[in-house]
Amino acid sequence: MISQIIFIIVLGVAIVCFWRAVNRISKNIHLGRPLEIKDNPSGRWKTMLLVAIGQSKMVKRPLAGIMHILIYAGFIIINLEVLEILIDGVTGQHRIFSFLGSFYTFLISAFEYLAVGVVVACVTFLLRRNVARLKRFWSREMTAWPRSDANIILITEILLMTAFFFLDTSDTLIQRATNPQYSGFALSNMLTPLLASTSLPTLEFIEHFCWWFHIIGILAFLNYVPYSKHFHIILAFPNVYYSNLKPKGEFTNLASVTKEIHLMLNPESAPKDAGTPAPPERFGAKDVFDLSWKQLMDAYSCTECGRCTSSCPANQTGKLLSPRKIMMDTRDRLQEVGKNIAKNGKFVDDGKSLLNNYILPEEVWACTSCNACVQECPVDIDPLSIIVDIRRFLVMEQSAAPQELAMMLNNIENNGAPWQFPASDRLNWTSGL
């Protein structure tokens, strides 16, 4: 009974802490501008099924894709085993699903083999990051914390799977002490020689220790995730569902600008009594408040895998731009703003902004808007939309476009074309033909 009470308290504290962390992230995401996304629900479910659940974009890079699918499958399926542990902990039972008989034995044996796959995948990823030192994991934005974050998760998963192995192995030997016919499970049967000479009290200690280590480790992992890039294991599904399904090259128009153009072309459509004019909206984005909630969700969904940056032509030619850094900077600024609001009850100007303090103009002007980053992202994040909105602010609010672009924009405004001659002279090149 004491063990049950302790377990229920630990479980309750873990759930409350996790809920508070998720609620904090939800509040931060809702700091963004409203955006209605209700179109094409069938297409959205299909995209989520293929990309988020089916991992279709991951396998474009086969080794990483297969390893990630192993970990992903392990995370999903082994949660069934975790469910049994939770029920056992609350009720004080032992393997409450064992009444399923041979199917239960098959199920746990499958979990064990899957756990081996998870360990192999985690070791492979650790070697790729720390021994092979793949370039995309050592870019300038991948400072000590992002690298440590990935290593902490991988090592934690290895330890949890190891505890799972020894939990089953010690339990198998304990059961055989009173029932020699106890069949055990596939992998734990192979590991029993490691503990064959261990006394029964020691086996019971190992079994209890691994049980508690496994479940407390999972609950600790659950509460670590909201503070880590691995929050994508939760946000990836809604993020893909709400992703942009329009053609990649199609840009959005600012509603306020579109409205003004319509009024210019059709002045009589203006309302006769418009009342007090609304305060002017900011064009583009200077800070996280100017981005939509979907763009802020993108920032929290970023896996920091670097596929976007490794595919970016601007980055490959040595430019300052890194799409991954754009998303990481947006998330860092959003978290800073969230702490500001939590501390003061409202946002108090801290003299900082996403533009300049986190993302430099040089970065956003290096972008070719090719959409390679959007195409490569395994969870359909759209760094380009943030880059374009920051560009809009620089051009429309600060007139801070590069000289070449400013000349082109002036020509379009004055001549209706990007060239330095009027529209009436466009066909002069044909004279004499």
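How many cavities of 30 Å³ or more does the structure hold? There are three. Keep in mind that this is a predicted model. Here are my notes, starting with the empty space and moving on to the charged pairs and one helix.

1. **The largest pocket.** The space in the largest pocket comes to about 1,400 Å³. Its lining is made of 43 residues, and the ones closest to the centre are Leu35, Asn244, Thr252, Asp382 and Ser385. If you want to find your way around the walls, look at helix H2 (41–53), helix H9 (255–265), helix H10 (293–301), helix H16 (372–376) and helix H17 (383–396), the elements that give two or more residues each to the lining. H17 has the largest share, with five residues.

2. **What the pocket wall is made of.** Sorted by class, the lining of the largest pocket has 17 charged residues, 13 polar and 13 nonpolar. Asp382, one of the residues closest to the pocket centre, is worth picking out when you open the model.

3. **The largest cavity.** The largest cavity holds about 110 Å³ of space. It is lined by 14 residues, and nearest its centre lie Cys302, Cys305, Cys308, Cys377 and Ile381. Helix H11 (307–311) and H13 each supply at least two residues of this lining. By class the lining has nine nonpolar, two polar and three charged residues.

4. **The second largest cavity.** Here the space is about 80 Å³. The lining has 13 residues, with Cys312, Leu321, Cys367, Cys370 and Cys373 closest to the centre. Helix H12 (313–316) and H16 are the elements that give two or more residues to it. No charged residue takes part in this lining: 10 are nonpolar and three are polar.

5. **Salt bridges, and a first pair.** The structure holds 17 salt bridges. Take Asp39 and Arg44, whose side chains meet with N and O 2.8 Å apart. Are the two partners buried or exposed? Arg44 counts as buried because its relative accessible area is 4%, under the 20% cut-off. Asp39 has a relative accessible area of 39%, so it falls in the partly exposed class, between 20% and 50%.

6. **A long-range pair.** Glu141 forms a salt bridge with Arg324, with the closest N and O atoms 2.9 Å apart. This pair ties together distant parts of the chain: Glu141 sits in the loop between helix H4 (102–130) and helix H5 (144–178), Arg324 sits in helix H13 (residues 323–344), and 183 residues separate them. Both Glu141 and Arg324 are buried.

7. **The neighbour, Lys325.** Lys325 also has its place in helix H13. Its relative accessible area is 9%, and it counts as buried because that is under 20%. Setting aside neighbours within four places in sequence, Lys325 is in contact with Arg140, Glu141, Tyr358 and Glu363. Glu141 therefore turns up twice, as a contact of Lys325 and as the salt-bridge partner of Arg324, if you go by the atoms within 4.5 Å.

8. **A pair within one helix.** Lys294 and Asp298 meet in a salt bridge, 2.6 Å from N to O. Both lie in helix H10, four residues apart, about one turn of the helix. An α-helix has 3.6 residues a turn, so residues three or four places apart point the same way. Which side of the 20% cut-off do Lys294 and Asp298 fall on? Both count as buried, because Lys294 is at 7% relative accessibility and Asp298 is at 1%. Elsewhere, salt bridges with shared partners join Asp287, Arg333, Glu336, Asp350 and Lys352 into one network.

9. **Helix H17.** Back to the helix that gives five residues to the pocket lining. H17 has 14 residues and reaches 20 Å from its first C-alpha to its last, close to the 20 Å expected at 1.5 Å a residue. It is mostly covered, with 11 of its 14 residues buried. Charged side chains are on that buried list, including Asp389, Arg391 and Arg392, alongside others such as Pro383, Ile387 and Phe393. What covers these buried residues? The cover includes H10, H13, helix H14 (354–357), helix H15 (361–365) and H16.

Definitions and conventions
Residues numbered from 1 in each chain as written. Predicted model: local features only at pLDDT ≥ 70, side-chain atom pairs only at ≥ 80, totals over all residues. Heavy atoms only, no water. 1 Å grid on protein atoms, 1.4 Å probe; cavity = no way out; pocket = protein on both sides within 12 Å on 5 of 7 lines; lining within 4 Å. Points joined across faces, edges and corners; volume = space filled by probe spheres on them. Nonpolar A, V, L, I, M, F, W, Y, C, P; charged D, E, K, R; others polar. Salt bridge = Lys/Arg side-chain N within 4 Å of Asp/Glu carboxyl O. Buried < 20%, exposed > 50% of the residue type's maximum accessible area, 1.4 Å probe, protein only. Expected span 1.5 Å × (residues − 1).
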